[in-house]
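Work through the exercises below with the model open in your viewer. Try each task before reading its solution.

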Amino acid sequence: MKTPSLLRLLAAILVRLAATAMTHAALTAAQADAFVRDFYAVYNAAGVPRMMEFYALDATLTDPTFDLDLRNRDQISNLLTKGLAKYVSLELKVANTLIAGDDLIVEGTMVGKLMGKTVRVRFASIFHFTDGKISAQRDMFDVLHFYAQLGIVPPQFRPKPAAETKAQS
């Protein structure tokens with residue numbers, strides 16, 4: 001291959017990459033804030049139809065905590081409708097968000113009333129957006145503390161309380 005041909009090829013690749021980068025819009029802070037506010041405001045069984053408006057038709061939702069691998073909006077809707085209906089009350093308190101291109105990472109605490117008990121469960125969700133819709137979601141929940149609060153985890157397997165600091169003499 002001659003040098004001029006190689007230069008033309010590299011130039012064509014660079015032009016293509018630049019064009020792709022210009023048409024690929026990253027999630028803005030305002031979009032992320034609006035999403036978090038609006039999505040979590042309806043995060044309950046009655047809000048599932050509204051939540052589904054945030055998802056692309058072929059969205060995926062995975063959660064290794066509960067061994068979930070959902071492959072479209074209907075599967076996601078069915079799961080959320082059944083799962084969220086178990087809660088008497090439910091609120092998600094967002095502690096941190098981080099934007100990375102078209103990805104949004106949300107960390108917070110789920111506070112809900114379930115089986116007659118109030119539970120507080122830390123969670124992290126990673127959302128990937130395509131054309132303004134969730135195209136992929138990955139969730140992780142602190143199941144050990146969740147089950148311990150419900151009394152499902154035997155005492156010997158529950159998390160240890162934080163060590164008390166010794167008073168200085």
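**Exercise 1. State what share of the contacts in the protein with a separation of 6 or more comes from residues 24 or more positions apart.**

Solution. Contact means heavy atoms within 4.5 Å. Residues 24 or more positions apart supply 46% of the contacts with a separation of 6 or more.

Note the ground rules. This is a predicted model, in which local features need pLDDT of at least 70 and side-chain atom pairs count only at pLDDT 80 or more, while totals for chains, interfaces and linings use all residues. Residues are numbered from 1 along each chain as its sequence is written, and side-chain values use heavy atoms, with hydrogens and water left out.

**Exercise 2. List the elements of the protein from the N terminus on.**

Solution. Helices (H or I, at least four residues) and strands (E, at least two) are DSSP runs, numbered from the N terminus.
- The secondary structure comes to five helices and six strands.
- The elements run α-α-α-β-β-α-β-β-β-β-α.

**Exercise 3. Give the order of the strands in the sheet, then explain why β2 and β3 each have one side without a neighbour in the sheet.**

Solution. Two strands pair if DSSP finds at least two bridges between them.
- Step 1: the six strands form an open sheet with the order β2-β1-β6-β5-β4-β3 and mixed pairing.
- Step 2: β2 (68–70) and β3 (89–100) stand at the edges with a single partner strand each, so one side of each lacks a neighbour in the sheet.
- Step 3: from one strand to the next, the twist averages 20°. Angles run from 0 to 180 degrees between N-to-C directions, with axes as lines fitted to C-alpha atoms, for helices over the stretch in contact.

**Exercise 4. Find which strands run parallel and which run antiparallel among the pairs β1 to β6, β4 to β5 and β5 to β6.**

Solution. Take the pairs in turn.
- β1 and β6 run parallel, joined by four bridges. Here Tyr-55 stands opposite Ile-134 in β6.
- β4 and β5 run antiparallel, with 12 bridges between them. Val-106 stands opposite Ser-125 in β5. The two strands form a hairpin with two residues between them, and Met-115 in the turn has a positive phi of about 55°.
- β5 and β6 run antiparallel, with eight bridges. His-128 has Ala-136 in β6 as its bridge partner. This hairpin also has two residues between the strands, and Asp-131 takes a positive phi near 55°.

**Exercise 5. Identify the buried residues of helix α5 and what covers them.**

Solution. Buried means under 20% relative accessible area, exposed over 50%, partly exposed in between (1.4 Å probe, protein chains only).
- Step 1: in α5 (residues 143–150), the buried residues are Val-143, Phe-146, Ala-148 and Leu-150.
- Step 2: their cover includes β4 (103–114), β5 (117–130) and β6 (133–141).
- Step 3: Gly-151 follows α5 and has a positive phi, near 80°.

For the whole protein, buried residues make up 31% of the 169 residues.

**Exercise 6. Locate Asp-63 and decide: is it buried or exposed?**

Solution. Asp-63 lies in strand β1 (residues 55–63). Asp-63 is buried, yet has no salt bridge. A salt bridge is a side-chain nitrogen of Lys or Arg within 4 Å of a carboxyl oxygen of Asp or Glu. The nearest side chain of opposite charge is Arg-138, 10 Å away. For charge, Lys and Arg count as positive and Asp and Glu as negative; His and the chain ends are not counted. Beyond its neighbours within four places in sequence, Asp-63 is in contact with Leu-68, Asp-139, Met-140 and Phe-141.

**Exercise 7. How many salt bridges does the structure hold, and how accessible are the residues in some of them?**

Solution. The structure holds four salt bridges, including these.
- Asp-38 with Arg-37: the closest N and O atoms are 2.9 Å apart. Asp-38 counts as partly exposed because its relative accessibility is 28%. Arg-37, at 52%, counts as exposed.
- Arg-50 with Glu-53: the closest N and O atoms are 2.8 Å apart. Arg-50 is partly exposed at 34%, and Glu-53 is partly exposed at 44%.
- Arg-71 with Asp-69: the closest N and O atoms are 2.5 Å apart. Arg-71 is partly exposed at 46%, and Asp-69 is partly exposed at 44%.
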